[in-house]
Amino acid sequence: MVVGVLALQGSFNEHIAVLRRLGVKGVEIKKPEQLDNVSSLIIPGGESTTMAKLAEFHNLFPALREFVKMGKPVWGTCAGLIFLADKAVGQKQGGQELVGGLDCTVHRNFFGSQIQSFEADISVPELASKEGGPETFRGVFIRAPAILEVGPEVEVLADYPVPSNKVLYSSSTVEIQEENSTPEKKVIVAVKQGSLLGTAFHPELTADTRWHSYFLKMAREVGDGASSSSIVAVGEEDPGLNQQSKIDLPVFQ
């Protein structure tokens, strides 16, 4: 198995290092034609606006959208999650281009600025049932997004409680808090929809490799399904014959 890792900016080297530890080759993807050589893709965390501008410069968006539409496994972490969302709010003026595919609404930088980055144990029952290990995962949130809404086909894999006094915007002179807040609510931080996986945190910045293993199994399942669907029983004609895959926190600006 060879896994592509979008290598425009952000923590792509860390993802490749984790894949190597799992015995899987990860290759950098910087040009559209390189996607033809991989069957699955990881879009890493980084600065989403910068990544989007670089993707646009290299004309990657059409190829990325086609990759998703073909049902190939794609995992987006942090900024990569924003890329995969069908809708993003809280963006910079002018917004940014998205790949789409995940039926969800993501709030960019929901958890605040760089200095408000944090780590927390999050409950991951689905991950633990598939990969073993503890029922929690140490999430590294760096200027992290959060998923506010999901469609009916989206499976929620993890959420995180948000205090009622969460600050939506803060500066040296102004602080705006959420109106009509409840004592505590939860925002979604990990989802799966078909062959797409999204996490608001950075698994590649921890020693726990379970999310990577989970994604690799997703990729293998898709690959096995594609292989089995191409088998033609003896005596049957193939209709196609006559027709033409704890480290120091980086600073994301």
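**Close-up 1. Ser48, tucked away in this predicted model.** With 3% relative accessibility, Ser48 counts as buried, and its home is helix α2. Skip the neighbours within four places in sequence, and Ser48 is in contact with Ala79, Ile82, Phe83, Gln96 and Arg108.

**Close-up 2. The residues under the "binding site" label.** An unreviewed UniProt entry carries this annotation for Gly46, Glu47, Ser48, Arg108, Ile142 and Arg143. They are spread over 98 residues of sequence, yet they cluster in space, with a largest C-alpha distance of 12.0 Å. One of the set, Arg108, is also on the contact list of Ser48.

**Close-up 3. Ile142 in its loop.** Look between β8 (136-141) and β9 (146-150) and you'll find the loop that holds Ile142. Ile142 counts as buried because its relative accessibility is 1%, and the cut-off is under 20%.

**Close-up 4. Helix α3 and its buried face.** Phe61, Leu64, Phe67 and Val68 are the buried residues here, in a helix that runs over residues 61-69. Seen down the axis of α3, they fall within an arc of 120°, so they line one face of the helix. What do the buried residues of α3 pack against? Their partners are β3 (40-43), α2 (48-57), β4 (74-77), α4 (79-84) and β14 (196-199). Just after α3 comes Gly71, which takes a positive phi of about 80°.

**Close-up 5. Cys78 and Cys104, two buried cysteines.** Cys78 has 2% relative accessibility and counts as buried; Cys104, at 4%, counts as buried too. Don't go hunting for a disulfide in this view: the structure holds zero of them.

Terms used
Residues are numbered from 1 along each chain as its sequence is written. This is a predicted model: local features need pLDDT of at least 70, side-chain atom pairs count only at pLDDT 80 or more; totals for chains, interfaces and linings use all residues. Side-chain values use heavy atoms; hydrogens and water are left out. A disulfide is a pair of cysteine sulfur atoms within 2.5 Å. Buried means under 20% relative accessible area, exposed over 50%, partly exposed in between (1.4 Å probe, protein chains only). Helices (H or I, at least four residues) and strands (E, at least two) are DSSP runs, numbered from the N terminus. The arc is that of the directions from the helix axis to the C-beta atoms. Contact means heavy atoms within 4.5 Å. UniProt positions are given in the numbering used here, feature names are shortened, and annotations may be inferred rather than shown by experiment.
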